[in-house]
Amino acid sequence: MEPRDLSSHIAYEAGRGVEEVARELGLDADDLVKLSSNENSFGPSPQAAAAIRDYAPMVHTYPKSSATDLRERLAEQWAVTRSQIWLANGGDGALDYLARAMLEPDDEVLVPNPGFAYYGMSARYHHGEVNEYPVRKAEDFAQTADTVLPHYDGERIVYLTSPHNPTGSEVSLSAVEEIAERTDEETLVVVDEAYGEFSDSPSAIALVEERDDVAVLRTFSKAYGLAGVRLGYAIVPGEWADAYARVNTPFAASEIACRAGLAALGDDSHVEQTVQATKWAREYMYDNLDCHTWESAGNFVLCEVGDGSAVAEAAQKEGVIVRDTTSFGLPECVRVTCGTRDETERAVEVLNDLL
Ligand code: PMP
């Protein structure tokens, strides 16, 4: 037998893992600096790590009250109701829930190019068709209403990423509002704020209260350092928030994830340290890399190095793993995650030697 026709589906290309690279190069994993997946170099919130240990003996139960408590806590933080928080297995899981809730077969979605691959993947799983709008290098990857609207043709979902992966550019609140206003009533604008904590701009969550056609994505994978537990959420308008009960995978946010999330939300100092260090690393890269960089509001910097895959491969041999952005359609660049001071300095030194 065969699976369904998956020929239009592309496989997700994750940044390479430390163990994988260490094994391949015959190096010690501890000597490698991994700046290829926009993870948190400071690790998880220590309070979250303690919660994971504390709740380990309780994982024989389904995550009922912890998920309710976490939704309550997030609702409080964002001044929305609990039903508007769609907890999921990572931000990726929340993207799936939005596609499940919105897409009928052959509905179309509009995604940025370059952009985060999972928008299109998720839409295709849900029998949708994918159209693209260009985020142009010639315009320094600026994202305005005019970036999106000329390419809009009645799609059911329009995905915006702010800060944008892999370029670091942002979409202003007024641009989100204009896009939502000038697209059809039945078009949902999804604003992906996976990197929102690293930005000083206001969140589009402010628009979710006012409108029924804007949803925002957030994750614990980045600033909270919990990529490995898989926890993210969408914040959706109250009018259709009850669809969650009909689209969510039961208990997709695990007991461990919910407990870790709750603890991480109480650990302001970990987030502050992460955000401050990220801002330092961004500046350090702009100032010290011997190549063109773009100003980034995320925890990574896009660098124009000439031949991205050759530079990424050579840097890896020197023990520094960065993301070759060829799969994003930017073969001349690499994306470097903001690391600790030592990691960032080492990455800059290695890249400059190669440039
Ligand atoms: N959105 C963007 C723009 C991302 O870069 C990522 C992760 N790389 C995600 C969403 C999803 O992250 P997660 O599933 O870990 O929450």
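The accessible surface of the protein chain in this predicted model comes to about 15500 Å². Carbon and sulfur atoms account for 46% of that surface. Of the 355 residues of the chain, 55% count as buried. The C-alpha atoms fill a box of roughly 55 × 55 × 50 Å along the principal axes. The radius of gyration is 20 Å, in agreement with the value near 20 Å that a compact globule of 355 residues would have.

The secondary structure of the protein chain consists of 13 helices and twelve strands. Among contacts between residues at least 6 apart in sequence, 70% join residues at least 24 apart. The chain carries 28 positive and 63 negative charges, and the mean positions of these two sets lie 5 Å apart.

The count of disulfides is zero. A disulfide is a covalent bond between the sulfur atoms of two cysteines. For C291, the closest cysteine sulfur is that of C303, at 4.8 Å, and no bond is assigned because this distance is too far for one; the cut-off is 2.5 Å. C333 is likewise in no disulfide, its nearest cysteine sulfur, again that of C303, being 7.9 Å away. Both cysteines lie under cover: C291 is buried with a relative accessible area of 16%, and C333 is buried with a relative accessible area of 0%.

Next to C291 in the numbering, H292 belongs to strand β9, which spans residues 292–293. H292 counts as partly exposed, at 40% relative accessibility. Leaving out residues up to four places away in sequence, H292 touches L302, C303 and E304. C303 is thus a contact of H292 and also holds the cysteine sulfur closest to that of C291. H292 and D31 are 261 residues apart in sequence, and their C-alpha atoms are 27 Å apart in space.

S45 is placed in the loop between β1 (33–35) and α2 (46–55). With 0% relative accessibility, S45 counts as buried. When neighbours within four places in sequence are set aside, S45 is in contact with Y224, A264, D267 and H270. One of these contacts, A264, falls within the range of α10 (255–265). From S45 to L330, 285 residues along the chain, the C-alpha separation is 33 Å.

Two cis peptide bonds occur in the loop between β5 and α7, at P163 and at P166. The bond from S162 to P163 has omega near -5°, and the bond from N165 to P166 has omega near 15°. The loop follows strand β5 (157–161) and precedes helix α7 (173–182).

Positive phi values were also found in residues other than glycine. Phi of D140 is near 55°, and phi of F251 is near 55° as well. D140 is located in the loop between β4 (129–134) and α6 (145–148). F251 is located in the loop between α9 (244–247) and α10 (255–265), and counts as partly exposed at 39% relative accessibility.

Definitions and conventions. Residues numbered from 1 in each chain as written. Predicted model: local features only at pLDDT ≥ 70, side-chain atom pairs only at ≥ 80, totals over all residues. Heavy atoms only, no water. Buried < 20%, exposed > 50% of the residue type's maximum accessible area, 1.4 Å probe, protein only. Helix = DSSP H or I, 4+ residues; strand = E, 2+ residues; numbered from the N terminus. Rg over C-alpha atoms; globule rule 2.2 N^0.38 Å. Contact = heavy atoms within 4.5 Å. Areas by Shrake-Rupley, 256 points an atom, 1.4 Å probe, with all protein chains shown as cover. Lys, Arg positive; Asp, Glu negative; His and termini not counted. Charge placed at Lys NZ, Arg CZ, Asp CG, Glu CD.
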